[in-house]
Structure formats: C-alpha cells, structure tokens
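Hi,

Here is the structure I promised to pass on. Have a look at it first, and then read my notes underneath.

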Amino acid sequence: MTDKPQPGGLGRIGTATVARVGYGAMQLFESISADDAAAVLRRAVELGVNHIDTASFYGPGEVNRRIRAALAPYPDDLVIVSKVGARWTGEQPIPLAAAQKPAELRAAVEDDLHQLGLERIPVVNLRRMDLGPGLAAEGDQIVDLDDQLAEMIALRDEGKIDAIGVSSVPVDVVRRALPAGIVCVQNAYSLLDRSQEETLELCIARGIAWVPFFPLGSSLPDFPKMADDPVVLDIAGELGATPAQVGLAWVLANAPNTLLIPGTRSIAHLEENIGAAGVALSADALARLDIVGTRQGHAHGVEPFLK
C-alpha cells in the first residue's frame with residue numbers, strides 16, 4: 001500500500017493490514033442507482049479505502065452484487081467484511097428478521113460468496129441481537145452463542161471465511177467468544193454514545209479491532225445530534241472542519257485499534273468522511289469532546305436495525 005493513500009494510517013483486522021478509515025456499504029441500495037453506487041465505491045478505493053463492510057441482508061444481496069459489479073476483479077489489498085445473523089424481509093418499519101440458527105449463518109455465508117464472487121470472505125461478523133434498540137431474537141431464534149461459534153469455526157476450517165468477528169454484543173459475550181479467535185467487534189459507539197466503553201477496553205487489551213457502527217450517533221427523533229452540540233460546533237469552526245469530521249476524528253483518536261466504516265451514498269459525503277482522517281485534534285480539543293460524552297450520559301441508543 002506504499003503507493004496509495006492510507007486514510008487514518010494503518011490498522012489491522014485479523015491478519016490483514018487496512019487503512020483505518022474504511023467504508024460501510026449499507027446505504028448502497030435504497031435511493032441510489034447502480035451506476036451511482038459504483039461511482040461511490042470506485043471513488044472510495046481511489047481515496048485509499050481498502051476495507052469495505054457489507055452483508056447479504058443489505059438489499060437483499062443487492063449491495064453485495066453492486067460491490068462486485070463496481071470493483072471486481074478486486075484490488076489485491078481489498079478486505080471485504082460481511083456479517084450474518086439476519087435476513088431481509090422488506091417489511092416496515094424494520095425490514096429484517098432474525099436468522100440466528102447455525103444453518104442460517106452458513107446459508108448467509110454461501111450467499112456472500114456467490115453474490116460477491118469470492119472463494120473466501122476475509123472476515124465475517126456474527127451479528128447477535130443482544131443489544132438494542134432494534135431487532136431482537138425471539139422463540140427458536142434465541143440461539144446459544146457456542147452453537148453459533150461452532151458453525152462459524154467450521155466455516156473457517158473449511159476455508160469459506162478467513163476470520164470471525166462479533167457484532168451487537170455486550171462485553172460478557174465478547175469474553176465468551178474469545179476462544180474462537182475473534183478478530184473484531186462491531187458495536188454502536190460514538191462521541192454521543194459510549195455505553196460500550198468496557199467492551200472497547202477489552203478489545204484494546206486483546207488486540208482486537210474495534211469497528212464502531214453509527215460513529216456519528218443516532219438520527220432518531222429526540223436523540224442528540226452531533227451537529228447540534230455547541231462544543232463540536234466550536235471545535236469544527238476552530239479547525240475549519242465539519243461537525244461530522246470532528247466526530248469521526250474523535251472516534252479515530254480515541255483508541256488505537258479503531259477502524260472506521262462510515263457509510264454514505266454520496267461522493268461528497270464520502271470525501272468529507274475520509275477527510276476526517278486529516279483532522280488533528282489537540283489535547284485541549286480532545287478533553288473538551290470527552291466532556292460532551294460525559295454530559296450525554298453514555299447511554300444514548302442508536303438505530304441498529306440494519307447493522
């Protein structure tokens with residue numbers, strides 16, 4: 001990667017080295033054409049992104065197919081990370097249903113392989129439903145973690161996936177998953193929502209990649225908005241940055257094992273997000289931003305309906 005940009009510097013997810021600012025592809029289905037989606041993906045790669053987050057239940061499968069159409073044959077350094085544990089229904093207000101059974105996890109990996117045109121998925125996250133709000137497992141979809149991990153390990157042993165991550169899980173579930181050799185944790189986390197600090201600390205101690213989703217907080221009504229916070233606005237003005245860039249820069253600076261995957265369907269917004277890697281927060285700015293999270297109470301939820 002020495003001849004390419006490395007937004008945010010370099011981090012690791014499993015055995016792969018990636019730029020610390022990647023891209024979450026969830027939004028590349030609704031309200032965007034296939035051509036526009038391809039343009040966003042290609043621009044991301046041009047800007048140095050080599051970590052793309054997706055899932056077969058985005059669309060359903062359409063996001064995966066758009067990634068393949070835009071980027072295959074894939075760059076040698078591109079790391080595509082998927083997740084399993086849900087299925088697309090298209091129903092409202094939540095267009096997903098739980099798919100937590102081992103056979104469903106395996107079927108989702110097979111869907112990923114087919115849709116993406118890969119022989120092996122570099123990393124697959126087991127998307128549990130332990131943390132809300134949003135989708136919850138009920139009835140026979142309440143599946144023991146050990147049974148799920150056994151299936152994920154079998155998929156890894158068969159060479160269908162390279163590495164296992166976990167998503168939407170509290171710290172006790174992360175501890176239980178450690179013997180499986182997990183390489184990343186995806187949980188909601190932002191300047192405005194730090195309810196998973198203990199989980200983050202465990203990941204730091206264990207050298208596990210921390211891949212926060214919704215790193216700019218929640219867009220639900222009555223929840224704090226990054227752009228409304230006066231401290232964020234003041235710092236953004238001082239630095240000539242946007243509030244979103246300040247929020248992303250804080251998450252990136254907060255822990256050395258953090259890998260960002262902000263999503264967007266806009267090239268302009270993509271460039272803004274990647275530009276956060278160039279925002280240098282002083283010790284004073286970091287201290288002022290830390291107080292923002294304390295003031296918010298560390299307890300605000302986000303909308304992990306699709307994630």
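Below is what I found, starting with the sheet and moving on to the helices.

One thing to keep in mind: this is a predicted model.

The sheet first. Seven strands make up an open sheet, and their order across it is 3-4-5-8-9-10-11, with parallel pairing. At the edges sit strand 3 (23-24) and strand 11 (209-210), each of which pairs on one side only. If you want to check the register at the strand 11 end, strand 10 (residues 184-186) runs parallel to strand 11 and is joined to it by two bridges. Val185 is the residue standing opposite Trp210 in strand 11.

Strand 5 (residues 79-84) is worth a closer look. Six of its six residues are buried, so the strand counts as mostly covered. The cover applies to both faces: Val79, Val81 and Lys83 are buried on one side, and Ile80, Ser82 and Val84 are buried on the other. Note the lysine in that set, Lys83. On the strand 4 side, strand 4 (residues 51-53) and strand 5 pair in the parallel sense over three bridges, and Asp53 stands opposite Val81. Helix 3 (residues 102-116) lies across strand 5, strand 8 (121-127) and strand 9 (161-167), and runs at about 145° to strand 5.

Now the helix packing. Two packed helices are described by the angle between their axes and the distance between the axes. I have two pairs for you, and helix 1 (residues 34-46) is in both.

With helix 2 (residues 62-71), the axes of helix 1 come within 9 Å and cross at roughly 65°. The crossing is right-handed. On the helix 1 side the contact involves Ala34, Ala37, Ala38, Leu41, Arg42 and Val45, which meet Arg66, Ile67, Ala69, Ala70 and Leu71 in helix 2. By class, that contact has nine nonpolar, no polar and two charged residues.

What about helix 9 (residues 267-275)? How do helix 1 and helix 9 run relative to each other? Their axes come within 10 Å and cross at roughly 25°. Angles under 35 degrees count as roughly parallel, and helix 1 and helix 9 are therefore roughly parallel to each other. This crossing is right-handed. Here Ala39, Val40, Arg43 and Ala44 in helix 1 meet Ile267, Leu270 and Glu271 in helix 9. Those residues divide into five nonpolar, no polar and two charged.

That's everything from my side for now.

Cheers

Technical notes. Residues numbered from 1 in each chain as written. Predicted model: local features only at pLDDT ≥ 70, side-chain atom pairs only at ≥ 80, totals over all residues. Heavy atoms only, no water. Axes fitted to C-alpha atoms, helices over the stretch in contact; angles between N-to-C directions. Helix = DSSP H or I, 4+ residues; strand = E, 2+ residues; numbered from the N terminus. Left-handed = near helix turned anticlockwise from the far one by under 90°. Contact = heavy atoms within 4.5 Å. Nonpolar A, V, L, I, M, F, W, Y, C, P; charged D, E, K, R; others polar. Parallel < 35°, antiparallel > 145°, perpendicular 65-115°, else oblique. Buried < 20%, exposed > 50% of the residue type's maximum accessible area, 1.4 Å probe, protein only. Pairing = 2+ DSSP bridges.
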